[in-house]
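Here is a short report on selected features of one structure. It starts with a pair of helices and ends with two loop residues.

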Amino acid sequence: CPVMDASAGDREPGTLPDNAKEDSSGLDSVCTGASEIKSRAVVKYSAAPPPASYALLQEKTDLKLPPANWLREHPQLGSAGTTVLGSSSKSKPFSSFGMAYEFIDCIGDDVDVVSDSENIKKLLKIPYSKSHVSMAVHRVGRTLLLDELDIQELFMRSSQTGDWTWLKEFYQRLIDQKWQRKKKSKEHWYQKAILSKFLYYSINGDGAAEPVPDNPNEEEEEEEENEAEEYSSSWPTAFTSAAFDTEESDAPKQVHKFGLGQVTSVPKEQNLPMLFDEGENSQGLRNDFVRNIMWTFEDIHMLVGSNMPIFGGGRYPAVSLRLRDNNKPINILTGIDYWLDNLMCNVPELVMCFHVNGIVQKYEMIKTEDIPHLENSNFSTRVVKDIAQNILSFLKSNCTKEGHTYWLFKASGSDIVKLYDLTTLCEEAEEEKCQNPFTLPVAVLLYRVASNLMLKARQNRKHYGTIRTLLLNCVKLLDEERHPQIMASAHYMLSELFQLDEPPEEDEGESLRGGGSEDSYSDEDREEEEELTEDSDENGSYSSFSSPQDDSKAVAVIRSVGELSVPEKYKSTHQIRPSGAFPVSQDKEERCRHVLSYALKGLKAVDGTIKKESDLPAADPNTPIPLKYEDRSAIGACAAEQGISLLLERGQPLQADEKHPSRSGMIPGSWQHRMKLQLFLKASKAYYVLSDAASNLLKYGRALRYIKLSLQCYDAYCSVSGALHPHVLQFHSQCLSLCGDIQLMLAQNANNRAAYLEEYSYQTKEDQEILHSLHRESSCQAFNMATDLAMDPEYQLFVSSKCYEAAYELVISEALKDQMAQVLKRLGNIRNEMGVYYMNQAAAMQTEKEGIAFTVITFEPPIFIAKSVSVAEQEMWKKSFAFFEKGMKDFEAIGDSTNTALLLCNTGRLMRICAQAHCAVSADQSRGEFSPEEALYYNKAIVYYSRAIKSLASRKNHPVVWDSVNWELSTTYFTLATLLQDYAPLSRKAQEQIEREVTEAMMKSLKYCDLQTESARQPLYQYRAATIHHRLASMYHSCFRNQVGDEHLRKQHRSLAELHYSKAVCLFLSLKDAPCELLRTLLERVAFAEFTMAGQSSNAAKLKSLTGAVEIMAETRCAFQLIHNELLEEQIESAEPPDVVRGSTSGLNLQEVMKLIGVFEPSFSFLLLQLIKLMTTMKRKPSNKDEELLKTYKNVYSKLLRAEKNAPLLSRVKLHIELLQQLTPQTGSDDTHS
């Protein structure tokens, strides 16, 4: 029926001593008749050698005589061999903690119960046994730790030390009013002694014996000694670790037996500071069991410690030896005991040695699966399974709070089992001295489980909720003064849980409150208050309950032990909180505040342990540390350079003396030193994230305050750090880059300075306390220049550039290629900003200068002088140009063609400003000729714009920048051509050369006028193109008028003028918002036709020219119509009440309109008059059509003459539209006159 199965063991590396081995075979099932119990045991650790065959003792061997090897330490017996008590059933008070520390991976999740095998057996025998049960229960995650809580020993200790008096009084008041310690009987010690001797005989087997002592007094004394040994103080006298003292002392440190030295090491690969140094004299809570077994009983996973001696021999490789009095039959309790021991230790067979009065009688071999069916010891394994499941469910449902010590108690002879929360009772006690001895082991275990989970959390953040709960409960249990090291480490780990550099995942947004309180794993804290109606009397040392009022103190009650045998009577209603239930806020600021809160608590814990004779004067945390701001406008570049040079000093690896104490007296290499390094860096990162978030919200004053705090934390880090690792320097370069960003934004948003100053000056109490902690290690002055709030934009830009330069130096020195591009882009950007700033300063100087009148003596003839360019202006140009050049190199280094093009474009603009500064003025302030300096700078601007176009390659790469550069290039050519045309340098160049240059520049400007692409600039391009055609037409018109002699050239100029006039008219007509320009172009075209007519001799040619001119004049109707519409709109707006707000849609220049009408009316009148004269004096007879046309001309001419010259503009425009309308149907319809 039993199935032996080899399974892979899961021994942890490095846990086994030389003589240890792991038994990886598992007993998968035990058949008990019709039912089957699933049981599997894997030995995780064993200190015993391979089982040696037991010695079969000869019949009649007297076990009262001790063998020669008695009480000598033997590996086969483990700790059982060193005491006369033999394999003592007494469990050490903290045995489960020793196991938990050694197998930390199992705690919190995989294992349900950790305990001594004796405690497990005691619990599973509750329904069958009348004896008392007293156990301490602790919860860590899913795992329950069970330890024997020996009330007798506890109260003996209480009477000596004064501790636990509150529990003693509680026990006497509510449970046993006449408590007194009950001595063990002589029979008890006799049985212990012969069992011990039997085991030694079984190892020895030679029968060598020494005389049994005859003196009954000696035997009595031995029993007293044994009794004293059993009740010797296995409890620590004062279960508190001394405050960590960093001062060196010649006296060796006294570490208590239950100190935390070797127990609390943290895995080396974890990026967390080591919590404790494992000293040689450190005697912590050890795992003293001969073997540790991972026992799965049905669905319950238990980590069990066992000292049961296992021997070889028989049909199986392992057997357990038992000694029984032949006169006393095996009862059910003994049967369950033997069966559970063999199941737990994976022993398939039991060897029973029977004796009578210590004389060996016989041996009997029993299979493990047959034990439940022995005579007088018949029990149901299914019932035992139900008891186990019920007890586990009962405990898990009610022991819900981590860090609390629960007491499971059943009085002798009682059927009632009660569960108390000793932590709550301890808190209610009035006495000050009510230290719970379990506090420190529990806290350390919580910490170790959390730190172990942190390793897994690196890959999977689902553990964060569990880790946070473990650490918060750990912190609750400890006193900062007594345990600063654990407190600091726990707070640091809490701060590590909050991810600052990545967005929270959606499934982690669930609030912690959804999963119960911070220290509880149940959905709600249930306190079942059940009243007991019946009490039973018992005369044992642990009497039954004497008063039902005790029920109010119990967390939960099992009314009758019989209930434990009912299948699924107690269902585990608790729910383990989901691991992902971690309070991750979507708000970055809230997460950072959590981190800073924990970092501050950690720093306080560390600071409390550092003492120094010349300690710093105690600073008042309530007094704010001022964050200075100054108006830097008066500070010279030299002084600023000196201050800013500190930026780079903190960027270099420090050569600190490892043995030299820090400013606060902290020794490098100490735990305080390592912890402060971590906490300073964490705080610095949190402030950095806060600063970045504030910057994104445009709260630049707040952002500067946070980056100042971040850099102050970093400064303190540098003060205590022996060397700066690359990842720290990388973070530092990010801080400097962000500081540069903020200073740049402050410079660009000078209007909100008052608001920024208010944000910058505000400080929370937490920030003040962190600053005070920083000042213990550093003056925190290194980055003041970079983080002060200045009032001068130029200085802010300067600081920003220095921050970026410092960041760049760090990136180069550490070869952080991934950050190189970002830093260079920022450098290029700030250099562009500074270039633009100085360029705007130069432009402002120029504007200011233009407003000052020159007082110059008038010369005859007038001579033109170059406008004086001040030294200050030239300095601004040089600075601006130098920054643009540097910025271009930065962007070229990272292949950023778009930004390179923008800087080239800005340099082009600078050249145009230089050109404008060099224009010549006459003595009467009129504009002089176009100077060669102007031409030089305009041509330089064209070169830079052309390089920008070349850098972009094509429009598709970056349409916006391409369009901008294109427009600027077109504008430069247009400006150059316009100045050449309007202020021709005739004193230096011939007219023909100037005309060629103007034509060339105009055509190039036209080339860059993008008329096809639909964009916001398209109307501007159309207007410019129309203007260019108009100007070229005017120029050719002028050339045609002034040209004498070369008839071919005259014809060419005439055709070019007509071509450009027609193109200009078409473009102005399409614009719909340039009526004045359209009208002027048409009037110039009419004048051109008139001039052409003047040179003609025949009447027919003249008539043709005049008719053409009238046709052109008729086209002005469109322009007048547009002017009429705009005048009407203006009239409507002026007629509306003042409270009606409308945007003026008209941009009409009335003065210009009046001037153009003044040209139009006489020109129109002259054309009509000449036509009428010509048509009237025609020699040939006119046709009907000619007569009609003549009549129309006369009618229009008549009306034009009779029109009132002082009539309102609107009516005059309206009249012109009507007259032109009359001409429209006739014009262009008669070709007979040609």
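Helix H16 (residues 671–696) packs against helix H20 (residues 765–775) at an angle of about 140°, and their axes are 12 Å apart. Axes are lines fitted to C-alpha atoms, for helices over the stretch in contact, and angles run from 0 to 180 degrees between N-to-C directions. H16 is therefore oblique to H20 (under 35 degrees is roughly parallel, over 145 roughly antiparallel, 65 to 115 roughly perpendicular, the rest oblique).

The model is predicted: local features need pLDDT of at least 70, side-chain atom pairs count only at pLDDT 80 or more, and totals for chains, interfaces and linings use all residues. Residues are numbered from 1 along each chain as its sequence is written, and side-chain values use heavy atoms, leaving out hydrogens and water.

Which residues of H16 meet H20? Lys-676, Phe-680 and Tyr-687 in H16 meet Asp-767, Ile-770, Ser-773 and Leu-774 in H20 (contact means heavy atoms within 4.5 Å).

Helix H18 (residues 726–748) has 23 residues. Its end C-alpha atoms are 33 Å apart, which agrees with the expected 33 Å at 1.5 Å a residue (1.5 Å times one less than the number of residues). Of the 23 residues of H18, 17 are buried, so H18 is largely enclosed by the rest of the structure.

Two loop residues follow. Buried means under 20% relative accessible area, exposed over 50%, partly exposed in between (1.4 Å probe, protein chains only).

| Residue | Phi | Loop between | Relative accessible area |
|---|---|---|---|
| Asn-357 | near 55° | strand E12 (349–356) and strand E13 (359–367) | 51%, exposed |
| Lys-1072 | about 70° | helix H30 (1047–1071) and helix H31 (1075–1094) | 59%, exposed |

Helices (H or I, at least four residues) and strands (E, at least two) are DSSP runs, numbered from the N terminus.
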